[in-house]
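Student: Could you take me through this one with a close look at a single part, the largest pocket? I'd like the overall layout before we zoom in.

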Amino acid sequence: FNHPFHATSIRNFWRRWHISLSTWLRDYLYIPLGGGHGSPWKTARNLSIVMLLGGLWHGATWGYVLWGASQGLLLAAGRLFYHYTGVDADREDQPLSSRIARIAVNFHVIGLTFVIFRAHDLAGVWTYLIVQLLVVYLAGVAGLWMFYVQHAFEGASYRPHEEWDFVETAVRGSSHNQLPRLLRWITADIGLHQVHHLLPRV
């Protein structure tokens with residue numbers, strides 16, 4: 001892992017998240033399918049197939065299938081968008097404000113797909129999206145985002161457990177906490193317990 005939630009695009013996220021798995025998928029699935037050679041639509045097709053299989057690699061449940069499909073569609077859409085517009089979300093010379101905005105959008109999109117990842121069937125997908133999303137995503141992500149904004153440009157290694165400890169301490173009332181009391185209560189007593197179960201375990 002290499003600060004995956006600092007990614008400015010889905011493509012950049014998969015270059016940072018579970019690098020060993022991403023490399024395996026690239027070398028043994030994506031490249032044999034044709035990789036980025038050929039038309040942009042063939043490239044989009046290859047990305048979709050690879051990520052769908054990546055979802056099945058985690059397990060044969062609808063949650064994993066839909067998660068893999070969503071990742072494939074997002075990667076394919078990003079590749080097609082770049083091909084037809086020439087806009088590169090990962091360029092190094094973009095203004096700081098633009099980079100932060102892209103990180104924020106990407107962070108929230110990835111968070112939504114993690115909700116799908118944790119569901120075991122189609123009914124579970126709707127349960128997570130409709131019920132838990134309102135409490136966990138809106139409240140829990142507030143604490144997470146506070147952490148990542150504060151540490152977005154530090155060079156420390158990505159250590160998920162330490163980051164979770166920081167977030168839990170922050171939302172429970174430490175000196176770092178700037179959340180309103182009601183939001184803090186929702187996040188600490190309801191959100192954090194559930195957010196732990198939303199992130200993929202790999």
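Student: Read along the sequence, what pattern does the protein chain follow? And which residues of the lining lie nearest the centre of the largest pocket?

Tutor: The pattern is α-α-α-α-α-α-α-α: eight helices and zero strands. Helices and strands here are DSSP runs, with helices being H or I of at least four residues and strands being E of at least two, numbered from the N terminus. Before we go on, this is a predicted model, in which local features need pLDDT of at least 70 and side-chain atom pairs count only at pLDDT 80 or more, while totals for chains, interfaces and linings use all residues. Residues are numbered from 1 along each chain as its sequence is written, and side-chain values use heavy atoms, leaving out hydrogens and water.

Now the confidence, since you'll want to know how far to trust things. The chain's mean pLDDT (the predictor's confidence in each residue, from 0 to 100) is 75, and 64% of the residues reach 70 or more. Over residues 170-202 the pLDDT is below 50, although that stretch has 65 contacts beyond near neighbours in sequence, contact meaning heavy atoms within 4.5 Å. Residues 155-164 also stay under 50, with 17 contacts beyond four places in sequence. Where pLDDT is low, the predicted coordinates should not be read in detail.

On to the fold as a whole. Of the 202 residues in the protein chain, 45% are buried, that is, under 20% relative accessible area (over 50% is exposed and in between is partly exposed, with a 1.4 Å probe and protein chains only). Take contacts between residues at least 6 apart in sequence: 65% of them join residues at least 24 apart.

Here's your pocket. S9, I10, R11, L75 and R79 lie nearest its centre, out of 31 lining residues, and it holds about 900 Å³ of space. A pocket, on a 1 Å grid over the protein atoms alone, is an open set of points where a 1.4 Å probe fits, with protein on both sides within 12 Å along at least five of seven lines; lining residues have an atom within 4 Å of a point. The volume is the space filled by probe spheres set on the points, which are joined across faces, edges and corners.

Which helices build the wall? α1 (10-16), α2 (19-33), α3 (40-58), α4 (62-85) and α5 (96-117) each supply at least two residues. The largest share, seven residues, comes from α4. By type, the lining divides into 17 nonpolar, seven polar and seven charged residues. In that split Ala, Val, Leu, Ile, Met, Phe, Trp, Tyr, Cys and Pro are nonpolar, Asp, Glu, Lys and Arg are charged, and the others, Gly among them, are polar.

R79 deserves a closer look. It sits in helix α4 and counts as partly exposed because its relative accessibility is 26%. Leaving aside neighbours within four places in sequence, R79 is in contact with Y30, G36, T43 and L47. Its C-alpha atom is 8.9 Å from that of W41, with the two positions 38 residues apart along the chain.

From there, let's visit the segment before α1. P4 belongs to that segment, and it counts as buried because its relative accessibility is 0%. The C-alpha atoms of P4 and W17 are 5.2 Å apart. H3 is in the segment before α1 too, and has a positive phi of about 45° despite not being a glycine. H18, in the loop between α1 and α2, likewise isn't a glycine and has a positive phi of about 40°.

Moving into helix α2, you meet T23, whose side chain reaches the backbone oxygen of I19 at 2.8 Å.

Last stop: Q94, in the loop between α4 and α5. It counts as buried because its relative accessibility is 9%. Its side chain makes a polar contact with the side chain of R102 at 3.0 Å. A polar contact is a pair of N or O atoms within 3.5 Å; within protein, one must be able to donate a hydrogen and the other to accept it, and residues adjacent in sequence count only if both atoms are side-chain atoms. A polar atom of the Q94 side chain also lies 3.0 Å from the backbone oxygen of R91. Beyond four places in sequence, Q94 is in contact with T8, A89, R99 and R102.
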